[in-house]
Structure formats: C-alpha cells, structure tokens
Amino acid sequence: MPVDRDARLQEWERRAQPYLFIASILFLTFYSVRVLTPGLSPSWYVLCETVTFVSWAVFVAEYLARLAFSHDRWHFVRTRWLDLVVTVLPLLRPLRMIDLHQRMQLRRAEPGLGLEARVMTYSGVAALLLGYAASLAVYHDERSAPGANIHTFGDAVWWASSTLTTTGYGDATPVTTRGRVIAVGLMFAGVALVGAVVGSFSSYLMRRFRQEGER
C-alpha cells in the first residue's frame with residue numbers, strides 16, 4: 001500500500017541520515033587529501049581512491065533504496081531531482097542540506113529558530129561547503145592545464161569566492177571544460193544561496209522595523 005511505502009521511506013531516510021553524514025565527511029576528507037597533497041605514496045593514493053569510491057557507492061545505494069521504497073518512482077525522481085543530482089555529483093552534496101533541513105522542519109511542531117535565521121544559517125553553511133568543494137574540483141583540473149591561471153589552492157578559493165558571490169573579478173578563470181562547467185553551476189548556486197541569505201536578512205529587518213513602528 002502507498003501509505004506503508006511512504007512510512008517505510010520516511011523511516012529509511014531517518015535511519016540512513018547518520019550513515020550518509022559519515023560517508024559525506026569521508027568523501028570530502030579523502031578527496032581533499034588526494035587533491036591537496038602532492039606526491040602521495042601509492043598506498044595512500046589507493047586508500048583515498050577506495051574511500052571516495054566506496055562513499056560514492058553508499059550515496060548511490062541509498063538513493064536506489066529510497067527509489068525502491070517509493071510507491072511512485074517517476075514522481076519521486078521528479079520531485080527529488082536534487083537528490084539525483086547530488087548522487088551523481090557528490091561534490092554538490094552541500095546543496096542537499098537546505099532541502100533536508102526544510103523536510104525535517106516540516107515534521108516539527110515548533111522550530112527552534114526563526115525562519116529567517118534558519119534560512120541564513122543553512123544557506124551560509126551550504127555556500128561555504130559548496131565553495132570549498134568547487135575549489136577542490138577546479139584546482140584538481142586547472143593546476144596542470146596549459147594556459148591556466150589557477151595554479152594554487154588559494155587561487156582556486158579566490159576564484160570560487162568571487163564566483164559564488166557573483167562578483168567575478170576575472171583575474172582567475174578556468175580554462176578546462178570541466179572547470180568551466182563547474183563555474184557555470186557555481187554561478188547559479190551562488191545566485192540562489194546568496195539571494196536566500198540576503199532575502200532572509202532583508203525580511204528580518206523589515207519585520208523588525210514593522211514591529212518597532214507598531215510600538
């Protein structure tokens with residue numbers, strides 16, 4: 001029955017979250033080590049590759065399990081499109097924090113923080129993690145590319161910061177195909193995340209001004 005499937009899906013999601021969190025930390029940690037540590041020994045390189053692959057396999061298996069529990073799989077894919085994207089591209093998993101947080105808040109009768117504070121907090125954390133992940137991916141591709149001007153991880157962080165905030169100084173730009181694809185994705189994510197933070201802060205200020213005016 002659909003109700004039983006929905007209940008099992010919710011129970012699965014609740015039980016899987018701690019394991020997904022651990023897998024996400026392991027994936028990002030060992031991917032960082034592989035990218036930021038030049039001259040890794042073969043054994044360490046194999047370990048980093050293995051952990052990142054196993055972590056990614058956990059994401060895929062968890063998504064397929066939720067798809068199997070869903071009573072309408074096509075509806076699940078259409079409405080949970082972000083889950084599919086971050087499963088295929090694990091470095092985008094910080095974006096899932098916002099969607100996951102909103103679903104958790106819907107199950108609580110009395111959220112602990114105001115709406116504006118929650119949006120700003122989770123959007124800000126997601127932006128930081130996404131910027132870090134994008135910096136790693138671009139640095140990994142650009143550091144040895146011909147004609148590249150992103151040679152250090154600091155250059156990649158500077159590029160990600162200016163792109164995420166839609167400033168775009170233009171002094172550091174990707175030249176590889178994958179780097180430019182990441183840049184396009186980061187531009188759209190930056191508009192959404194930074195817009196959410198600014199919009200929520202503006203809403204908070206307007207609400208406070210209105211309350212002060214009513215006094």
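These legends go with close-up views of a predicted model.

**View 1. The whole chain is built from helices, with no strands in sight.** Count them along the sequence and you get eight helices and zero strands, in the order α-α-α-α-α-α-α-α. Of the 215 residues, 34% count as buried. Take the contacts between residues at least 6 apart in sequence: 64% of them join residues at least 24 apart. The chain exposes about 12,800 Å², and carbon and sulfur atoms supply 68% of that area.

**View 2. A nonpolar patch sits on the surface around helix α4.** W81, L84, V85, V88 and L89 make up this patch, which covers about 450 Å². L84 belongs to helix α4, residues 81–88. With a relative accessibility of 33%, L84 counts as partly exposed.

**View 3. F53 and W56 pair up along helix α2.** The structure holds six aromatic pairs. In this one, F53 and W56 are tilted, with 6.2 Å from centre to centre and 40 degrees between the planes. The two are separated by about one helical turn because they lie three residues apart in helix α2, residues 42–69. An α-helix has 3.6 residues a turn, so residues three or four places apart point the same way. F53 counts as exposed at 54% relative accessibility, while W56, at 31%, counts as partly exposed.

**View 4. Y132 and F153 meet edge-to-face.** Their ring centres are 5.9 Å apart and the planes stand at 80 degrees, so this pair is edge-to-face. The pair links distant parts of the chain: Y132 is in helix α6 (residues 115–142) and F153 is in helix α7, 21 residues apart. Y132 has 29% relative accessibility and counts as partly exposed; F153, at 22%, also counts as partly exposed.

**View 5. F27, Y31 and F59 form one aromatic cluster.** Look here for the three rings of F27, Y31 and F59 grouped together.

**View 6. Helix α7 and what surrounds D155.** The twelve residues of α7, 153–164, reach 16 Å from the first C-alpha to the last, close to the 16 Å expected at 1.5 Å a residue. Its buried residues are A156, W159, A160, S162, T163 and L164. D155 is also in α7, but counts as partly exposed at 27% relative accessibility. Leaving aside neighbours within four places in sequence, D155 is in contact with N149, I150 and A172. The C-alpha atoms of D155 and A172 are separated by 7.0 Å, although the two are 17 residues apart along the chain. Just after α7, T166 takes a positive phi of about 60 degrees.

Technical notes: Residues numbered from 1 in each chain as written. Predicted model: local features only at pLDDT ≥ 70, side-chain atom pairs only at ≥ 80, totals over all residues. Heavy atoms only, no water. Patch = residues over 30% accessible without salt bridge, like charges linked within 9 Å, V, L, I, M, F, W, Y side chains within 5 Å. Areas by Shrake-Rupley, 256 points an atom, 1.4 Å probe, with all protein chains shown as cover. Salt bridge = Lys/Arg side-chain N within 4 Å of Asp/Glu carboxyl O. Helix = DSSP H or I, 4+ residues; strand = E, 2+ residues; numbered from the N terminus. Buried < 20%, exposed > 50% of the residue type's maximum accessible area, 1.4 Å probe, protein only. Contact = heavy atoms within 4.5 Å. Expected span 1.5 Å × (residues − 1). Phe/Tyr/Trp six-rings, centres within 6.5 Å; stacked < 30°, edge-to-face > 60°.
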